[in-house]
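The exercises below are meant to be worked with the sequence and the three-dimensional view side by side. Try each task before reading its solution.

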Amino acid sequence: MTRPDLWPRRTARLELRQPSAADLDAVLTWRNVPAVTRWLLHTEVDPQAYRARWRADADDPSTHAVVAVADGTVVGTLSLEVEDGMGQGPQSPARGSEGLLGYLLDPAHHGRGYATEMVGAALDLAFGELGLRRVTAGCFAGNVASWRVMAKAGMRREQHGIRDSWHAELGWVDGFTYAVLADERR
């Protein structure tokens, strides 16, 4: 189960918390709009399946999925999935050593720095309480706003995949992977 002692968390302007049913309803008012789905691997979502996935994630100790709230309004979602790094055997220090970061922002709140604030909070959690050594995130190369968020948060572009990512409207497009190590974040 997701550690309840980790949430809620505050940033300068946001509260990051596990979502209530009303929070998920708020997310669903913007989750399937074209400005959001344009840059997602999984474009439109079925509302019931979406809610069920969030409930399942709440019971998964390796998934930390929350909503971001500003002035009482749900403005985004944030997830950090703990994964194994490359390594050998069950006793390897690679087990549970890496995080995979994801985030969405309500288009009505773009351009305010909320996504960068959310990513910064996720990196603080990853390298603080969770003790991870590395966090990665990816995006379509054409999603300039997303890769700028990662760069502003101190992540570096490690990979530029040529036509390695399937885009629902554009077909095969380039993708970027960003990463940061714990000792770089400190």
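**Exercise 1.** Which strand gives the most to the lining of the largest pocket, and with how many residues?

*Solution.* This is a predicted model, in which local features need pLDDT of at least 70 and side-chain atom pairs count only at pLDDT 80 or more, while totals for chains, interfaces and linings use all residues. Residues are numbered from 1 along each chain as its sequence is written, and side-chain values use heavy atoms, with hydrogens and water left out.

Begin with the terms: on a 1 Å grid over the protein atoms alone, a pocket is an open set of points where a 1.4 Å probe fits, with protein on both sides within 12 Å along at least five of seven lines, and lining residues have an atom within 4 Å of a point. Strands are DSSP runs of E with at least two residues, and helices are runs of H or I with at least four. The strand sought is β5 (residues 98-105), which contributes six residues to the lining of the largest pocket. That pocket has a volume of about 1,600 Å³, and among its 48 lining residues Trp39, Leu40, Gly102, Tyr103 and Leu104 lie nearest its centre.

**Exercise 2.** Which residues of helix α1 are buried, and why do they line one face of the helix?

*Solution.* Buried means under 20% relative accessible area, exposed over 50%, and partly exposed in between, with a 1.4 Å probe and protein chains only. Within α1 (residues 21-28), the buried residues are Asp23, Leu24, Val27 and Leu28. Seen down the axis of α1, they fall within an arc of 140°, taken from the directions from the helix axis to the C-beta atoms, so they line one face of the helix. Their cover, judged by contact (heavy atoms within 4.5 Å), includes β2 (15-17), α3 (47-58), β3 (63-70) and β4 (73-83).

**Exercise 3.** Which parts does the aromatic pair of Trp147 and Phe176 tie together?

*Solution.* Rings of Phe, Tyr and Trp (its six-membered ring) pair if their centres lie within 6.5 Å, and planes under 30 degrees apart count as stacked, over 60 as edge-to-face and the rest as tilted. By this rule there are five aromatic pairs. Trp147 and Phe176 form an edge-to-face pair, at 6.0 Å centre to centre and 80° between the planes. Trp147 lies in helix α5 (residues 144-152) and Phe176 in strand β8 (residues 171-181), so the pair ties together parts 29 residues apart in sequence. Trp147 is partly exposed at 22% relative accessible area, whereas Phe176 is buried at 6%. Ring pairs also link Trp147, Phe176 and Tyr178 into a cluster.

Definitions and conventions:
Points joined across faces, edges and corners; volume = space filled by probe spheres on them.
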